[in-house]
Structure formats: structure tokens, C-alpha cells
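Biologist: I'd like to learn how the labels people attach to a protein model are earned. Please show it to me, and I'll ask my questions as we go.

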Amino acid sequence: LRNAWTALESEPDQLTGLYERRVFANSGFAVFAGLLRPDRKLRLSVGVPASISTDGLERETKGFRVLRQYLASDRSTRVTLELVTTSFRELFEVMAEDVAGRILVAPDESSAVAAMRERLNHWERFMSASGPGGLSREKQIGLYGELTFLKTMLRTGIPAAMAVTWWHGPASENQDFQAGSRAVEVKTTTGNSATAVRISNELQLDDTDCQPLYLLHLWLKEMEGAGTSLPQLVDELTAQLAGAARQEFADRLVAAGYHEVHRPLYENTGYAERERRYYTVEGTFPRIRRADLCRGVSRVEYLIDLAGFEDFTRDEPTVLASFAGHSA
């Protein structure tokens with residue numbers, strides 16, 4: 001794909017319009033690399049018989065859009081992934097290669113469309129969580145904390161396939177880790193306070209549907225050029241995974257807004273752990289629950305101070321055993 005785009009761009013200036021080259025001709029699929037002049041917008045297009053449903057593919061989101069066009073000449077549908085914003089070009093190239101790769105291994109055109117739909121949904125989630133500038137500082141710290149707990153689970157012998165599928169943070173669900181009705185919410189801070197924690201909504205610490213619900217508070221020291229960086233932690237976890245678990249981990253990282261294309265943005269910032277504490281969220285533990293809200297009130301964000309609530313602390317082996325579904 002990149003070679004085809006480079007070739008199209010290197011040709012002498014031409015008239016305004018769309019220029020295309022067929023790629024992967026030996027695959028049996030009609031796949032085209034395109035360049036729209038004069039805006040120099042990159043395209044990846046796939047042609048499929050009109051009899052195959054392509055519903056749900058059209059969209060426009062941050063960085064790219066997907067178009068459909070019926071071609072009466074051969075009764076086919078042309079599905080096109082197009083770069084919208086030039087600052088997203090590097091990400092677009094990675095995304096287009098991923099989408100094309102999934103299409104090429106599909107057994108038939110119907111499966112290729114299904115694979116394309118799945119990958120477009122996947123990358124749309126990534127674009128909503130990140131962008132050409134990568135993750136915000138706050139999201140980097142939050143992701144580092146979630147990966148730290150994932151690393152802890154792997155270190156204590158929880159099977160990798162289970163640990164990765166229990167990680168729900170990238171899906172923006174109410175708790176970061178869920179295993180059946182059991183849940184762990186991870187809060188990571190780097191400020192001067194060892195006990196202040198921000199809660200994002202009224203469901204994060206609502207234990208109504210969670211038995212049990214734990215809160216892990218990680219207090220980190222943020223450093224430049226020292227400590228363990230986010231990419232280093234990702235590398236460490238990736239090395240411990242294999243097969244389907246490794247692919248699932250990579251997919252969830254992208255859903256969380258992390259991609260290797262942004263690695264240089266994160267490498268110089270490292271973290272060292274100051275303290276970690278686990279709390280069981282029950283009884284009079286400080287929090288707002290859905291049932292506490294007046295009618296019409298929603299999307300509540302608030303701060304809690306964990307000082308003085310040591311009675312709710314639990315040791316790590318007990319939390320991990322309970323979360324994994326067995327006794328310590």
C-alpha cells in the first residue's frame with residue numbers, strides 16, 4: 001500500500017481527480033490504493049459484488065471516513081476508506097494496512113466485508129480515544145496503572161488468556177477489570193497527595209451489581225528520563241503473552257488509544273511506584289452510588305479522600321484470590 005501511494009505521489013503533476021492502482025492482484029480481491037488530487041488524500045478501496053451487504057460501513061470520524069459507491073458497470077459496490085485530515089496520515093497508513101491485511105486473509109468476499117467492518121469499528125474507537133498527538137498525560141497515567149494491575153495478575157499465576165479478557169478499561173466500562181460480578185477499579189495518581197482520588201461517574205464505585213468490588217489506588221512518582229515508561233511496560237507485558245492472548249492484548253491497547261506509532265511521545269516519561277493500596281468498596285466506604293442521586297442528576301464526577309478509611313484496606317493476595325474467584 002505505501003509503495004503504491006508513494007508511486008502515485010511521485011508521478012508528475014496531473015489533473016484534479018482520483019488516481020488508483022490495483023494492489024494485491026494475486027489475492028483474488030479487488031483492492032485499490034488511491035490518491036485524490038489536489039488534496040493528496042490517500043484512499044484504500046475494495047470492490048465486492050452488490051449482492052453482499054455493506055450496511056454499517058459508511059461513517060465519518062476523526063481522521064478518516066468510509067464511503068460506498070454502486071458501480072452499475074459490473075454490479076459491484078466500491079467501499080472506500082479515505083484520509084480526511086492530513087495530520088492523521090501516519091495513523092491512517094497503519095490503519096489501512098491493518099484493514100487490508102484482514103481482508104486478504106478472509107476466505108471469501110462476505111467474510112472480507114465482515115472483517116473490514118470489525119476493523120473499522122476497532123479503529124474508530126482508537127481515533128475517539130487518541131489522535132495524531134497520542135494520549136493525553138492523564139490517559140497515559142491511567143493506562144499505566146491498569147497495565148500495572150494486569151502485570152500483577154500475570155505475576156501471581158492467573159492465566160494470561162483470562163487476565164487479558166478481564167481487562168475492560170479500553171471499553172470504557174464502569175470498572176477497569178471485570179470477571180463475572182467481581183470487579184476492580186484502578187485509580188492512578190502522581191500528585192502530592194497519597195489519598196486523593198478522582199471518581200469519573202456515579203457507577204465506578206457502585207457495588208450494587210458487583211460482588212465484590214475493589215478499588216486499587218496506585219500512587220506514582222512521575223520522572224523524566226528515569227523509571228519505567230509506558231512503552232517499556234507494554235513491551236514487558238507483550239513478552240509474557242503468546243498467541244490469541246497477545247493479539248487480544250494488542251487490540252485492547254489500540255482500543256485504549258495506545259499504538260506503537262506514538263511510542264516516541266511516551267518514551268521519555270517514566271514512573272516509579274510510591275504506594276499501592278487496595279480497598280473493598282462496601283458499607284460506609286466514601287462514594288456516590290446511582291441510588292443516591294436525585295431524579296434528573298447524572299454524569300457525576302467527584303473527589304474522595306481515602307485518609308481515615310484504613311478499615312477498608314485489604315492485602316493484595318486476598319484481593320487477587322477473591323477477584324480470580326477462589327479463596328486466598
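Modeller: Here it is; keep in mind that this is a predicted model.

Biologist: Let me start with D207. How do you know whether D207 is buried or exposed?

Modeller: D207 has a relative accessible area of 12%. The label "buried" needs a value under 20%, so D207 is buried.

Biologist: And what is the state of R287, buried or exposed?

Modeller: The relative accessibility of R287 is 12%. That value is also under the 20% limit, so R287 counts as buried.

Biologist: Why are D207 and R287 called a salt bridge?

Modeller: Their closest N and O atoms are 2.7 Å apart. A salt bridge asks for a nitrogen of Lys or Arg within 4 Å of a carboxyl oxygen of Asp or Glu, so the pair of D207 and R287 fits.

Biologist: What makes it a link between distant parts of the chain?

Modeller: The two residues are 80 residues apart. D207 is in the loop between β9 and β10, while R287 is in the loop between β12 and β13. The structure holds 32 salt bridges.

Biologist: How do you know that R314 and E282 form a salt bridge?

Modeller: Here the closest N and O atoms are 3.6 Å apart, and the limit is 4 Å, so this pair passes too. R314 belongs to strand β14 and E282 to the loop between β12 and β13, so the salt bridge ties together parts that are 32 residues apart in sequence.

Biologist: What are R314 and E282 in terms of exposure?

Modeller: R314 has 31% relative accessibility, and E282 has a relative accessible area of 37%. Buried means under 20% and exposed means over 50%, so R314 and E282 are both called partly exposed.

Biologist: Which residues are joined into one network by salt bridges that share partners?

Modeller: They are R2, E9, R40, R89, E93 and E97.

Biologist: On to the aromatic rings. How many aromatic pairs does the structure hold?

Modeller: There are 13 aromatic pairs. Take W123 and F126: their ring centres are 5.4 Å apart, with the planes at 80°.

Biologist: What makes W123 and F126 a pair, and how do their rings meet?

Modeller: A pair of rings is described by the distance of the centres and the angle of the planes. The centres must lie within 6.5 Å, and 5.4 Å satisfies that, so W123 and F126 pair. Planes over 60 degrees apart count as edge-to-face, so 80° gives the edge-to-face label.

Biologist: Where do W123 and F126 sit?

Modeller: W123 and F126 are three residues apart in helix α3, so about one helical turn separates them. W123 is buried at 2%, and F126 is buried at 0%.

Biologist: Which residues form one aromatic cluster?

Modeller: F149, W166, F177, Y278 and F323 do.

Biologist: How do you know that the charged end of R78 sits over the ring of F32?

Modeller: It is 4.3 Å from the ring centre, and the distance limit is 6 Å. R37 likewise lies over the face of Y19, at 5.8 Å from the ring centre.

Biologist: Now the sheet. In what order do its six strands come?

Modeller: The order is β1-β2-β3-β6-β5-β4, in an open sheet with antiparallel pairing.

Biologist: What makes β1 and β4 the edge strands?

Modeller: Each of them pairs on one side only. From one strand to the next, the twist averages 25°.

Biologist: How do you know that β3 and β6 pair?

Modeller: Two strands pair when there are at least two bridges between them, and β3 and β6 have seven, in the antiparallel sense. V48 stands opposite T77 in β6. Helix α2 packs on the sheet, touching β3, β5 and β6, and its direction makes about 20° with that of β3.

Biologist: What does the protein come to in helices and strands?

Modeller: It has nine helices and 14 strands. Of its 328 residues, 49% are buried.

Notes
Residues are numbered from 1 along each chain as its sequence is written. This is a predicted model: local features need pLDDT of at least 70, side-chain atom pairs count only at pLDDT 80 or more; totals for chains, interfaces and linings use all residues. Side-chain values use heavy atoms; hydrogens and water are left out. Helices (H or I, at least four residues) and strands (E, at least two) are DSSP runs, numbered from the N terminus. Axes are lines fitted to C-alpha atoms, for helices over the stretch in contact, and angles run from 0 to 180 degrees between N-to-C directions. Contact means heavy atoms within 4.5 Å. A salt bridge is a side-chain nitrogen of Lys or Arg within 4 Å of a carboxyl oxygen of Asp or Glu. Buried means under 20% relative accessible area, exposed over 50%, partly exposed in between (1.4 Å probe, protein chains only). Rings of Phe, Tyr and Trp (its six-membered ring) pair if their centres lie within 6.5 Å; planes under 30 degrees apart count as stacked, over 60 as edge-to-face and the rest as tilted. A charge sits over a ring if NZ of Lys or CZ of Arg is within 6 Å of the ring centre and within 35 degrees of the ring normal.
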